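Got your viewer open and a hand on the mouse? Here is a walk through one protein, stop by stop, with something to select each time.

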Amino acid sequence: YSKLMKQDNGFYTSLKLPYNSRINYFFWIPKNNVGETVTGWDTNLKKNYTSYFNGNKTIGHTDSKLYIRYPGFKFLSTGFPFFIGSVLLFSIVLFLFKKNRHTNPYLLATGFLCGAFVYMFVARAEIAGLLHGNVSHILASVFHDLSWLMMIGIFIFPVLYIFRKKAVLTNVSLALFFLMMIITVLSSIINIEVVKVLGTPFNYKWLYYSDFFREQDTRASINEALNSSFLKNIFLLLGSYLLFSIAVAIAIKNMVRGRVAELFFMAMPAVFFLLSFYHYQSKKDDAALIQNPVLAFIVSVVEPGSETALLKTTVSAETTAYISKYHHNFYASAWDSSQLIDNIILFVSESTPKKFISLGDSGFKHTPNLKKWSGTSYTFTNMYAHIPSTPNSMLSLVSGIYPMIDYKSAISEKINLPPISLVKLLGDHGWSTSLLFSADLHYAKMYDYAKNQAFSFIKDFNTMPCSKKFNMMQSQLKGLYDECLVENYFKWTDSLPREKKFSILWTNQTHYPYYTDTNTAYATEDDNLNRYLNALHHTDKVFDELMKGLQERGKLKSTLVIFIGDHGEAFGTHNQTLHASRIYEENVHIPCMLFNPVLFTKREMDSSIHGLIDIDVTITHLLGLQKPAEWEGRSLFDTSKDGRTFFISPYADLILGTRNKNWKYIYNADTEEKELYNLSNDPNELVNIANRHPEVVKKEHEILAAWVQYEHKKYGERKK
């Protein structure tokens with residue numbers, strides 16, 4: 001932090017920098033011009049300011065377009081005032097209408113529907129920013145919530161009329177209705193936090209992805225979120241909703257009198273709904289911000305596959321041939337390091353985007369050991385995960401194929417995977433193989449998958465002997481410190497001194513909620529990001545322990561170490577956190593470094609585009625082994641490399657994408673939204689230029705459709 005001093009009509013600071021250096025920076029404004037505490041930023045439209053220094057100079061900026069964020073309204077922290085307000089309202093209504101307090105089932109249903117809309121509107125206001133929007137924006141944003149309430153109303157009023165003379169059935173219908181309204185209001189309130197974390201309302205796809213019914217960590221995360229303060233506010237808000245709705249029912253009975261007034265009151269919801277529908281049709285709001293959570297979950301269970309339109313897209317014979325050639329390629333160059341390399345380690349850094357690695361132009365400095373060992377490395381700066389999901393990344397790394405274009409996983413489903421995986425191939429050539437995983441391999445059936453791939457040695461949190469357990473204030477989840485991987489790896493490899501060995505060491509401390517017991521101060525207000533950076537710094541130390549252990553044993557020259565991320569992680573970028581919601585750079589752009597002092601005598605860099613399916617092909621290429629025909633990748637060192645890869649995120653909307661050269665194309669199969677970015681001048685994907693380059697969009701969309709059709713056909717053949 002560098003404090004700015006006021007001088008005349010501006011502010012200044014003085015910095016001493018090395019010659020010929022570059023600085024990236026932005027401005028923080030903690031108070032407004034009348035002294036009120038705010039959170040203000042001037043981030044140059046989230047791109048940061050950049051200045052180069054090759055001598056003494058003064059840099060000046062004039063900018064009045066500041067982003068000022070005032071302390072915002074938090075619905076989930078207002079349980080007590082809402083409850084007190086509803087008690088007062090209820091008391092006032094009872095006092096004003098003490099002679100006519102009785103209601104009937106129709107009035108109660110009306111009151112609860114009206115009350116639900118008020119509470120859902122407040123929740124939607126926080127999610128979609130309605131308090132700062134115009135009338136058109138408000139009407140469009142509440143359409144889904146209105147639709148859900150209209151559906152309930154259309155159902156309950158006829159039922160109450162049919163059972164009007166049967167008290168038991170009427171009471172049962174009302175009880176079920178009240179339960180549905182409680183679920184509706186509760187889900188709308190909780191949806192505020194769900195959208196912040198997942199970037200979308202909770203749906204069946206996320207339930208499948210989280211492996212909720214088998215995964216202890218997922219349930220523990222939810223238990224952690226349901227703390228006493230959260231639960232207290234939820235109960236108070238629901239209590240206030242009940243009192244508010246009953247008060248509204250009594251008020252309607254006493255205030256809406258006469259035939260004309262009743263007809264006007266009944267017509268108002270229909271008029272409001274039609275106006276909402278009109279503005280919804282004319283505006284393109286982010287679907288994640290306006291979807292009703294109950295409706296979204298129901299639709300996610302019954303909706304057909306969103307890839308249907310792509311499967312029906314007409315693709316030229318030339319593009320079909322291009323995709324077929326892309327999947328069926330063999331080495332165009334020779335490389336046989338089998339006499340040199342007798343040990344391979346795939347060090348997989350969990351949830352690690354490339355931008356946080358301290359190499360090249362990275363502004364982060366918390367992986368110094370990776371940088372220290374990079375003198376004898378080959379870095380691929382454009383490596384990508386195909387899907388932001390650990391089980392699916394394991395599939396690509398071990399079996400050499402793209403994941404299913406579906407929220408379901410080929411690891412968990414009954415799929416005939418390629419008969420020859422990297423592990424089986426190496427095993428057939430006399431290599432011992434191991435998988436060390438510091439989390440729970442039973443998540444999403446990864447243990448079953450690893451066992452079926454014939455790893456000769458498998459250890460995870462449940463079976464790995466290590467005394468270093470997590471002890472972290474922010475989480476009650478169980479896990480091992482990542483240095484347990486290195487300790488157990490060397491125990492295993494030292495017991496097999498004369499054998500060739502392949503190992504996967506899969507870390508976990510950088511997985512949410514980011515396990516760390518260090519607290520190095522990084523310049524960020526985000527506690528999650530601070531904790532993550534500390535966890536990544538710890539992973540960097542673990543990597544250093546691995547390299548030093550190899551050096552002490554005289555194994556560096558004969559060992560190929562591959563450092564790679566399994567997918568990325570987001571911290572507020574593109575309105576998302578964690579990793580599985582989207583396929584922007586923060587989700588899928590990962591680090592990839594190969595270390596060996598004989599193969600790579602100096603630090604080398606390669607900017608060609610690759611994906612995780614290329615890793616196993618690279619290993620067989622370096623060892624002089626034949627690539628199995630079922631594998632879909634190509635070697636990192638193949639001179640005929642195409643420079644294209646594909647992505648998928650199926651856990652909310654089905655989002656697909658491809659990168660070719662500097663173009664990054666993203667297609668939402670549910671909303672049909674198309675995004676195009678030129679990463680050479682927009683690396684943060686801030687400006688969608690799809691409308692400016694329709695010819696590029698058309699070409700990339702056809703290639704993406706051809707890829708989807710190819711993969712759909714292949715997985716159709718693989719299903720048991």
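How many aromatic pairs does the structure hold? There are 43 of them. Keep in mind as you click around that this is a predicted model.

**Stop 1: a pair of neighbours**

Start by selecting phenylalanine 177 and phenylalanine 178. Their ring centres sit 5.7 Å apart and the planes meet at 55°, so this pair counts as tilted. Now switch on a surface. Which of the two is buried, and which is partly exposed? Phenylalanine 177 is the buried one, because its relative accessible area is 3%. Phenylalanine 178 has 23%, so it counts as partly exposed; the cut-off for buried is under 20%.

Next, widen the selection. Phe177 and Phe178 belong to one aromatic cluster together with Phe75, Phe82, Phe112, Tyr119, Tyr241 and Phe244. Show these as sticks and turn the model slowly.

**Stop 2: a pair that links a helix and a strand**

For another aromatic pair, pick phenylalanine 543 and phenylalanine 563. This one is edge-to-face, with 5.5 Å from centre to centre and 80° between the planes. Phenylalanine 543 is in helix α19 (residues 527-552) and phenylalanine 563 is in strand β13 (residues 559-565), so the pair ties together parts 20 residues apart in sequence. Check the surface again: both of these phenylalanines are buried.

While you're here, select the whole of α19. Its 26 residues should span 38 Å at 1.5 Å a residue, and the end C-alpha atoms are indeed 38 Å apart, so the two agree. This helix is mostly covered, with 19 of its 26 residues buried. As you look along it, remember that an α-helix has 3.6 residues a turn, so residues three or four places apart point the same way.

Step just past the end of α19 and click glycine 554, which takes a positive phi of about 70°. Then go back to the loop between β12 (500-506) and α19, where you'll find proline 513. The peptide bond joining tyrosine 512 to proline 513 is cis, with omega at about 10°.

**Stop 3: a helix with a bend**

Now select helix α9 (residues 259-282). It has 24 residues and reaches 35 Å from first C-alpha to last, close to the 34 Å expected. Where does α9 bend? Look at alanine 267: the bend there is about 25°, and proline 269 follows within four residues.

**Stop 4: a pocket and a cavity**

Stay with α9 and bring up the second largest pocket, which holds about 1,000 Å³ of space. It is lined by 28 residues, and those closest to its centre are Thr110, Cys114, Phe265, Met266 and Pro269. Which helices should you colour? Try α2 (105-128), α4 (143-162), α8 (228-255) and α9, since each supplies at least two lining residues. By class, this lining has 21 nonpolar, 4 polar and 3 charged residues.

Then hunt for the enclosed space. The count comes to 1 cavity of 30 Å³ or more, and the largest cavity has a volume of about 60 Å³. To get to it, centre your view on Tyr326, Ile609, Asp614, Arg634 and Arg644, the residues nearest its centre among the 11 that line it. Colour the lining by class and you should get 2 nonpolar, 4 polar and 5 charged residues.

**Stop 5: three loops**

Finish with some loop residues. Lysine 445 lies in the loop between β10 (431-437) and α17 (446-452). Its phi is near 65°, a positive value in a residue other than glycine. With 31% relative accessibility, lysine 445 counts as partly exposed.

Glutamate 685, in the loop between β22 (674-678) and α22 (694-718), also has a positive phi, near 55°. Buried or exposed? Glutamate 685 counts as buried, because its relative accessibility is 1%.

Last click: serine 421, in the loop between α15 (390-399) and α16 (422-428). Serine 421 is buried, with a relative accessible area of 0%. Draw a distance from its C-alpha to that of phenylalanine 356, 65 residues away along the chain, and you should read 31 Å.

Conventions: Residues numbered from 1 in each chain as written. Predicted model: local features only at pLDDT ≥ 70, side-chain atom pairs only at ≥ 80, totals over all residues. Heavy atoms only, no water. Expected span 1.5 Å × (residues − 1). Bend = angle between axes of the 7 residues up to and from the residue. 1 Å grid on protein atoms, 1.4 Å probe; cavity = no way out; pocket = protein on both sides within 12 Å on 5 of 7 lines; lining within 4 Å. Points joined across faces, edges and corners; volume = space filled by probe spheres on them. Nonpolar A, V, L, I, M, F, W, Y, C, P; charged D, E, K, R; others polar. Phe/Tyr/Trp six-rings, centres within 6.5 Å; stacked < 30°, edge-to-face > 60°. Buried < 20%, exposed > 50% of the residue type's maximum accessible area, 1.4 Å probe, protein only.
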